[in-house]
Amino acid sequence: MSLRRRRVAVVFRLAIVISVLAGIVLTAIGPTTVTGLLPYFTIQSNVAVGIFAGYAAWRAWQDRPEPPSALKGAVTLYITITGVVYHLVLANPASPFAMPQPDRTLPDALGNQFLHTVVPLLAVADWALFDRRGRLRPRYAAWWLAFPLGYLGFALLRGLVVDRYPYPFIDAGELGYAGVAVSAVFFAAAFWLLGLLFVAVDRTLGRRARAAHPAAQHAAAAPAAPSTAPARGAPATAPTSDAARPDATALP
C-alpha cells in the first residue's frame with residue numbers, strides 16, 4: 001500500500017472508530033443505559049468493528065501488513081447484518097418482526113443512525129477499498145456463522161433469566177422455541193448467502209485487479225535470467241579462436 005493510500009486508510013478507519021463511539025454515547029444519553037445496550041447484536045457488532053478498525057488503522061500507520069482478510073470479512077459481515085436486519089426487518093413496517101419505533105430525542109436518533117447506517121456503510125466501504133483481494137474462500141461463509149449462532153444461544157439463555165429478548169424474531173416467549181428455530185434457520189441461511197456474496201465480490205475484484213496488471217504479475221512470477229557478464233574484478237577471458245582449439249582429428 002502506497003504512503004498516500006495508507007494515509008487515506010488511516011483517516012477512513014479513524015472515522016469508523018469515531019462513528020462507533022458517537023453512536024454508543026449518543027444512544028446511551030437516552031433512556032437506555034450502556035449496560036442495557038450490551039446484550040444487543042447491534043452494539044456487539046459495532047464494538048467489534050470499532051476495535052478492528054482501530055487496530056487496522058494502527059497497522060496501516062506503521063506500514064505493517066493488513067490484518068487477516070478472513071477476520072476482516074467476518075467483522076464486515078456482522079456489521080452488514082446489523083444494517084440490513086435493522087432497515088429491512090426491524091424498522092420496516094411491512095416486516096412481520098417490525099419493532100415499534102419510539103419518538104426519539106435528537107441525540108438518540110443520531111446515535112441510532114450512526115450504529116445502524118453510518119458505521120455499516122463505512123465498514124463495507126473500507127473492506128471494498130483497502131482490503132487485499134482474492135483471499136476469501138467459500139468455506140469462510142460457513143465459519144462466519146459461528147458468532148451469530150453463539151449470539152443466539154446467549155440471547156436465549158439470557159431470556160430464561162430475565163424473561164426478555166432483544167429482538168422479536170428470537171423471542172421464545174412469543175414464538176416458542178419451535179418458532180425461534182424456524183427464524184434461526186431462515187436468518188442463518190440468509191447470513192450464509194450474504195457471506196458468499198462477500199466472497200464472490202472479493203474474487204471478482206481480485207480477477208479484475210489481476211487482469212488490469214498482467215505484465216507486472218508476469219514479471220514478478222518469471223524467474224530471473226542468469227547473468228552472463230563477468231563478475232566485477234574477475235579477469236576477462238578472451239574468446240578462443242577456432243585455430244587455437246585442439247582438434248583430436250588433426251595430424252601431428
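## A nonpolar patch on the surface

On the surface of this structure, Leu157, Leu160, Val161, Val162 and Tyr177 come together in a nonpolar patch, and their accessible area adds up to about 540 Å². The model is a predicted one, and the description that follows should be read with that in mind. Helix α7 makes the largest contribution to the nonpolar patch, with 4 residues.

One member of the patch can be looked at singly: Val161 is found in helix α7, and Val161 counts as exposed because its relative accessible area is 71%, where the cut-off for exposed is over 50%. Another exposed nonpolar residue is Leu193, which lies in helix α8 and has a relative accessibility of 51%. The C-alpha atom of Leu193 is separated by 9.3 Å from that of Ala142, although the two residues are 51 positions apart along the chain.

## Overall architecture

The secondary structure of the protein consists of 9 helices and 0 strands, so that, read from the N terminus, the order of elements is α-α-α-α-α-α-α-α-α. The protein has 252 residues, of which 37% count as buried.

## Salt bridges between helix α1 and the α3-α4 loop

The structure holds 7 salt bridges. In one of them the side chains of Asp63 and Arg6 meet, with a distance of 3.3 Å from N to O. Since Asp63 lies in the loop between α3 and α4 while Arg6 belongs to helix α1 (residues 3-29), this pair ties together parts that are 57 residues apart in sequence. Arg6 counts as buried, because its relative accessibility is 14% and the limit for buried is under 20%.

A second pair joins the same two parts of the chain: Glu66 lies in the loop between α3 and α4 and Arg13 in helix α1, so that parts 53 residues apart in sequence are tied together. The closest N and O atoms of the salt bridge between Glu66 and Arg13 are 2.6 Å apart. Both partners count as buried, Glu66 with a relative accessible area of 10% and Arg13 with a relative accessibility of 0%. The pair also belongs to a network of salt bridges that links Arg13, Glu66, Lys72 and Asp126.

## Internal cavities

The count of cavities of 30 Å³ or more comes to 2. The largest cavity holds about 320 Å³ of space, and of the 21 residues that line the largest cavity, Phe41, Tyr151, Phe169, Phe187 and Phe191 are the closest to its centre. Two or more lining residues come from each of the helices α3 (41-61), α4 (69-90), α7 (146-162) and α8 (172-212). By class, the lining of the largest cavity is made up of 17 nonpolar and 4 polar residues, with no charged residues.

The second largest cavity has a volume of about 60 Å³, and its lining consists of Ile16, Val49, Phe52, Ala53, Lys72, Val75, Thr76, Ala123 and Asp126. Helices α3, α4 and α5 (106-130) each give two or more residues to the lining of this second cavity. The lining of the second largest cavity divides into 6 nonpolar, 1 polar and 2 charged residues. Lys72 and Asp126, which are among the residues that line the second largest cavity, are also members of the salt-bridge network with Arg13 and Glu66.

## The largest pocket

The largest pocket has a volume of about 520 Å³. Of the 21 residues that line the largest pocket, those closest to its centre are Thr32, Tyr40, Arg104, Asn112 and His116. Helices α3, α4 and α5 each supply at least two residues of the pocket lining, and the largest share, 4 residues, comes from α5. In terms of residue class, the lining of the largest pocket comprises 11 nonpolar, 7 polar and 3 charged residues.

Arg104, one of the residues closest to the centre of the largest pocket, meets Asp108 in a side-chain salt bridge with an N to O distance of 3.4 Å. The two partners fall into separate accessibility classes, since Arg104 is partly exposed with a relative accessible area of 31%, whereas Asp108 counts as buried at 10% relative accessibility.

Notes. Residues are numbered from 1 along each chain as its sequence is written. This is a predicted model: local features need pLDDT of at least 70, side-chain atom pairs count only at pLDDT 80 or more; totals for chains, interfaces and linings use all residues. Side-chain values use heavy atoms; hydrogens and water are left out. On a 1 Å grid over the protein atoms alone, a cavity is a set of points where a 1.4 Å probe fits but cannot get out, and a pocket is an open set with protein on both sides within 12 Å along at least five of seven lines; lining residues have an atom within 4 Å of a point. Grid points are joined across faces, edges and corners, and a volume is the space filled by probe spheres set on the points. Ala, Val, Leu, Ile, Met, Phe, Trp, Tyr, Cys and Pro count as nonpolar, Asp, Glu, Lys and Arg as charged, and the others, Gly among them, as polar. Patches are made of residues with over 30% relative accessible area and no salt bridge: like charges are joined within 9 Å, nonpolar side chains (Val, Leu, Ile, Met, Phe, Trp, Tyr) within 5 Å. Accessible areas come from the Shrake-Rupley method with a 1.4 Å probe; for residues, only the protein chains shown count as cover. A salt bridge is a side-chain nitrogen of Lys or Arg within 4 Å of a carboxyl oxygen of Asp or Glu. Buried means under 20% relative accessible area, exposed over 50%, partly exposed in between (1.4 Å probe, protein chains only).
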